[in-house]
Amino acid sequence: MVDRFLGFDASTQSLSAVLIDCDTQTVIAEHSISYDEMLPLYCTENGVLRSEDPTVVHSPPLMWAEAIDVLLAGMRSAGVDFSDVKAVSGSGQQHGSVYLNGSAEQTFSSLDAGGNLADRMKGVFSRDTSPIWMDSSTSAQCEALNEAVGGRQAMAEGTGSVAFERFTGPQIRKFYEESESAYENTATIHLVSSFMASILSGRHAPIDTGDGAGMNLMDISKLSWHPKCLEATAPDLAKKLPPVVSSDTVVGPVSAYFTRYGFPADALSVVWSGDNPNSLIGVGLVEAGRVAISLGTSDTYFGFMPELHVDPAGEGHVFGAPCGGYMSLICFKNGSLARERVRDRYGYSWGEFSKALASTPAGNEGRIMLPYFEPEIVPRVLDPGVRTYGLDEKDADANCRAVVEAQMLSMKLHAGWMGVEPLTIYATGGASANRRILQVMADVHNAEVYQFEQGNSAALGAALRAAHAYFKDRGEERAWGEIVESFVMQVAGSRMEPHADAVRVYADMVGCYAACEEHALRGGPDPGGGRDV
Ligand code: ADP
Ligand code: XUL
């Protein structure tokens, strides 16, 4: 018998899938499509739609649906065989919300009644676009929600995070305030994860406790909807949200629609989760003490957290962990796209960017950049703009180093509340392929850093969750350690050691970086050389 499992990753810029075989303990296939390239009709740039207001960032949910067809058709023509797939799950970019009218239920259950996914799904939306995690347009709603539940601390203790602009609750409230009749027309509100899972399942799928925690709507202790938050957000919200369930819930068999790609009729569809909870599994962080840094569209810093405690400064988040317990996380919006902005400004390739890192000294001779190309999540910056200290815009190599050092120093500065001084960091996401970036990571954090065989930890984590849920459903539950051990493999020889000299430089520099933040964001004294670009 062959036990194969498929994990999707519906991320900001692409849809990917990883097919694993639990018997041979191998990754069988891995495919990815970029929305901009493969679905140009939706006119996205880096997977998103911008508007005149830079704080408003949406994506078309119909594009995500169509991407499933494009990806699976591509995999089939590349010879990938789905006939032994036992279960499917997935990973969604977190916080984004999808608004469906009352016809969605019937549509999900009759996907195979003719046409492709995009044809079938066209009429189901009560809102054509979905606000995503990059949207920061809901400050007023955040303030109102924090107040309604008894203040920032009460919101953080109740839901795992203070109200954040990109979180789903504030976004829903804004939609209700601005488009009341469209809100009333909305029968169901999904996350990206539960929307995609609904397509795979042919019925409304629930939301798991990993992704549900990114909404400011879920009680983080009880792992169920928080009545006070729901009430404060919008009328009748309880009726519009799918149930919240544990991350190993089987939704049902995969929709009959997918037999056209060769999926067996009895393959199971398992609840999806957010990309960060999936990555926790996909890098094997099922125990405390180590952390992972994902360098994707966003940069995230996260770890397993056995006991619940929230960030008193209100910058971090606590989500449910798919393996039980919790995970802590901080998210930086100016991740890969900020590195790309600097790289592109000087017409560099990634190879040249790496050379720039190699040819400049740790600490950049005291030159510092605050890389707020976009509004930033941590620290909270609503009014974007890059600030530099002693850095000459014409010095291309120093600017490349400055953006990477800023990102790593900012992580170091803002992750203290998690209470973990990591000796080992697992690096994942697209930019983790770049070893020069990882050397800065190792030096700033004074930790060894490993790369992984499978760079897409979110899709791999989803496939591993599908496997865990499948065996549990059969009454043959396997320990998480057993599920992840053979797949979560560090690249042989990828271990990066911190360099003692650089570690000393950064131990001093973190204070200077904090002083620059203080000056730029809170009117602290000018640490010298400051000017904006
Ligand atoms: P997502 O969060 O959307 O899943 P990925 O994890 O796939 O994103 O990462 C995509 C990003 O990886 C790209 O935007 C690109 O900037 C970055 N990237 C890819 N290769 C390199 C490289 N060699 N060096 C630095 N960054 C890279
Ligand atoms: C996490 C966050 C991002 C998105 C997109 O809170 O906003 O990491 O999940 O990757």
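# Close-up views of a predicted model

**View 1. Asp 275 places a polar side-chain atom 2.5 Å from an oxygen atom of ligand 2.** The model shown is predicted. Two further side chains take part in the contacts drawn here. His 95 has a side-chain N or O atom 2.7 Å from an oxygen atom of ligand 2. For Asn 276, the distance between a side-chain N or O atom and an oxygen atom of ligand 2 is 3.1 Å. Taken on its own, ligand 2 has 290 Å² of accessible area, and the protein covers 97% of this area. Two elements, α13 (275-282) and β20 (326-332), each give two or more residues to the shell around ligand 2.

**View 2. Ligand 2 is shown with the residues of its shell, among them Gln 94, His 95, Trp 133 and Arg 166.** The rest of the shell consists of Asp 275, Asn 276, Ser 298, Thr 300, Leu 329 and Cys 331. Sorted by class, the residues around ligand 2 are five polar, three nonpolar and two charged. The space that ligand 2 takes up is the largest pocket.

**View 3. His 95, a residue of the shell around ligand 2, lies in the loop between β6 (85-92) and β7 (97-100).** His 95 is not a glycine, yet its phi is positive, at about 80 degrees. The side chain of His 95 supplies the N or O atom that is 2.7 Å from an oxygen atom of ligand 2.

**View 4. Ligand 1 is surrounded by 13 residues, and the closest are Ser 11, Thr 297, Glu 340, Gly 430 and Asn 434.** By class, this shell holds nine polar residues, three nonpolar residues and one charged residue. The largest pocket is the space taken by ligand 1.

**View 5. Polar contacts of ligand 1 include one with the side chain of Glu 340, where an N or O atom is 2.4 Å from an oxygen atom of the ligand.** Ser 11 also uses its side chain, with a polar atom 3.1 Å from an oxygen atom of ligand 1. At Gly 430 the contact comes from the backbone, where a polar atom is 2.8 Å from an oxygen atom of ligand 1. The accessible area of ligand 1 on its own is 590 Å², and 75% of it is covered by the protein.

**View 6. Val 378 and Pro 379 are joined by a cis peptide bond.** The omega angle of this bond is about -10 degrees. Pro 379 belongs to the loop between β21 (368-370) and β22 (387-389).

**View 7. The whole chain, with its 20 helices and 25 strands, sets the context for the close-ups.** Along the principal axes, the C-alpha atoms fill a box of roughly 65 × 50 × 45 Å. The radius of gyration of the chain is 22 Å, which agrees with a compact globule because a globule of 533 residues would have a value near 24 Å.

Definitions and conventions:
Residues are numbered from 1 along each chain as its sequence is written. Chains are lettered from A and ligands numbered from 1 in the order in which they are written. This is a predicted model: local features need pLDDT of at least 70, side-chain atom pairs count only at pLDDT 80 or more; totals for chains, interfaces and linings use all residues. Side-chain values use heavy atoms; hydrogens and water are left out. A residue is near a molecule or strand if one of its heavy atoms lies within 4 Å of it. A polar contact is a pair of N or O atoms within 3.5 Å; within protein, one must be able to donate a hydrogen and the other to accept it, and residues adjacent in sequence count only if both atoms are side-chain atoms. Accessible areas come from the Shrake-Rupley method with a 1.4 Å probe; for residues, only the protein chains shown count as cover. On a 1 Å grid over the protein atoms alone, a cavity is a set of points where a 1.4 Å probe fits but cannot get out, and a pocket is an open set with protein on both sides within 12 Å along at least five of seven lines; lining residues have an atom within 4 Å of a point. A molecule sits in a cavity or pocket if more than half of its atoms lie within 2 Å of its grid points. Helices (H or I, at least four residues) and strands (E, at least two) are DSSP runs, numbered from the N terminus. Ala, Val, Leu, Ile, Met, Phe, Trp, Tyr, Cys and Pro count as nonpolar, Asp, Glu, Lys and Arg as charged, and the others, Gly among them, as polar. The radius of gyration is taken over C-alpha atoms; the globule rule is 2.2 Å times the number of residues to the power 0.38.
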